[in-house]
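Work through the exercises below with the model open. Each task is followed by a stepwise solution.

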Amino acid sequence: MNHMHDDSRIHFPDYIWPEGKRCAVTFSMDLDAESPYLWIHRGQQMRSLGEIEQRRYGPRQGVKRVVELLAEYGISGSFFVPGVVASTYPGLLPYLVENGHEIAYHGYYHERIDAIGSDLARDYTEKVIEVFRQQTGQTGLGYRAPSWEMTIELLTLFKELGISYDSSLMGFDHPYDVNGLVEIPTQWMTDDALYFRYTNSARDKTHPANPVAVLESWIEEFEGARKYGGLCMLTIHDWISGRPQRLLMLEKFIRHIRQYNDVWIARADELARWHQASANHNRFTTAGQHIQTQFPFSEVNP
Ligand SMILES: [Zn+2]
């Protein structure tokens, strides 16, 4: 089976972290507020206030509480903000920047970017870049796709528009390269929406999860990242984790991580810069041909 060892698609070295660190943790927030709800119901007359008010809790109270909690522990986070949220709440982006956090793109209307066609995808992406530029003077930021869906064409478009990295995919558990762009991977298991999203709509099939069990699971996700030398990417939402009980839970999670001094707490843009400047760059690469390779069904079918 010697030929197996030559297959670059299944053999990769360990990821190299900065001196003395064995893994990384990123505190990220997808600051959706009411944008996904408005996108899904676009063009409709809406009379119900239930979900929209629940979501507006995020910018009204949730964001500030998370920012203050992170400040208490000296943590700088990564905030992915849809353009329409920045336009609706023009104080948000400057507030995040003033508090030392990274701001990054998260679509314009929180559109499913893989489902709208490339012309609209370009329009919306250019639009969100312009809102960020007007409000903060910053450009060339990172991008996280709403719902974490992505296409090769979009990655090519992002490179063209000067986007510095993507954070939507899960092909490795540490930074890698996809179609020439740095990828800072996400993880469903450490996304608060999976456990706590509840709006009493048809989409919610169960009640929210037991927070004690979720905390234990997130601590184990972190311990696993530390053992195997990966990235623990925490993704929370303004309107979900900005609630008091989840803030207490988040604080317990932070305290657990803070016991170790060999953990790099880094923003997504810091990870992207590290990746590009280190020997890791182009070592974990899924070039276009690898992505597009079709599984050879003709060879496995009888
Ligand atoms: Zn989102």
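**Exercise 1. Sort the side chains of β3 by the way they point, and find the strand's partner.**

Solution.
1. This is a predicted model, so read every value as computed from it.
2. Glu102 and Ala104 point one way from β3. Ile103 and Tyr105 point the other way.
3. In a regular strand, side chains alternate between the two faces of the sheet.
4. Check burial: all four of these β3 residues are buried.
5. Now the partner. β2 and β3 run parallel and are joined by four bridges.
6. One register point is Phe80, whose bridge partner in β3 is Ala104.

**Exercise 2. Decide whether β1 is enclosed or open, and list strands that pair with β1.**

Solution.
1. Split the strand by direction. Cys23, Val25, Phe27 and Met29 point one way. Ala24, Thr26, Ser28 and Asp30 point the other way.
2. Count burial. Eight of the eight residues of β1 are buried, so the strand is largely enclosed by the rest of the structure.
3. Take β7 (residues 263-265). β7 runs parallel to β1, with three bridges. Val25 stands opposite Ile265 there.
4. Take β6 (residues 231-237). The pairing with β1 is parallel and has seven bridges. Phe27 faces Leu234 in this pair.
5. Take β2 (residues 78-81). Three bridges link β2 to β1, again in the parallel sense. Asp30 stands opposite Phe80.

**Exercise 3. Describe the zinc site: donors, spacing and geometry.**

Solution.
1. List the protein donors: Asp32 (OD), Asp32 (OD), His106 (NE2) and His110 (NE2). They lie 2.1 to 2.4 Å from the zinc ion.
2. Test the geometry. The angles subtended by the four donor atoms run from 55 to 139°, which makes the arrangement irregular. A tetrahedral call would need all angles between 85 and 135 degrees.
3. Read the spacing along the chain: D-x73-H-x3-H.
4. Place the two ends. Asp32 sits in the loop between β1 (23-30) and α1 (35-40). His110 sits in the loop between β3 (102-105) and α5 (118-136). The pair is 78 residues apart and links distant parts of the chain.
5. Check exposure, with the cut-off for buried at under 20%. Asp32 has a relative accessible area of 5%, so Asp32 is buried. His110 has 9%, so His110 is buried too.

**Exercise 4. Test the length of α10 and trace Phe253 into the core.**

Solution.
1. α10 (residues 244-257) has 14 residues. At 1.5 Å a residue, the expected span is 20 Å.
2. Compare with the model. The end C-alpha atoms are 20 Å apart, which agrees.
3. Pick out the buried residues of α10, among them Leu247, Leu250, Phe253 and Ile257. Arg246, Glu251 and His256 are also on that list.
4. Follow Phe253. Leaving out residues up to four places away in sequence, Phe253 touches Phe27, Leu215, Trp218, Ile219, Phe222, Cys232 and Leu234.
5. Place Phe253 in the largest nonpolar core, which has 84 residues. Phe27, Leu31, Val81, Ile184 and Phe253 touch the most other members.

**Exercise 5. Classify Thr156 as buried, partly exposed or exposed.**

Solution.
1. Locate Thr156: helix α6 (residues 152-160).
2. The relative accessibility is 38%, so Thr156 counts as partly exposed.
3. For a distance check, take His281. Thr156 and His281 are 125 residues apart in sequence. Their C-alpha atoms are 18 Å apart in space.

Conventions. Residues numbered from 1 in each chain as written. Predicted model: local features only at pLDDT ≥ 70, side-chain atom pairs only at ≥ 80, totals over all residues. Heavy atoms only, no water. Core = buried A, V, L, I, M, F, W, Y, C linked by side-chain atoms within 4.5 Å. Buried < 20%, exposed > 50% of the residue type's maximum accessible area, 1.4 Å probe, protein only. Contact = heavy atoms within 4.5 Å. Donors = N, O, S within 2.8 Å, 3.2 Å for Na, K, Ca; no water. Tetrahedral: all angles 85-135°; square planar, octahedral: opposite > 155°, others 65-115°. Helix = DSSP H or I, 4+ residues; strand = E, 2+ residues; numbered from the N terminus. Expected span 1.5 Å × (residues − 1). Pairing = 2+ DSSP bridges.
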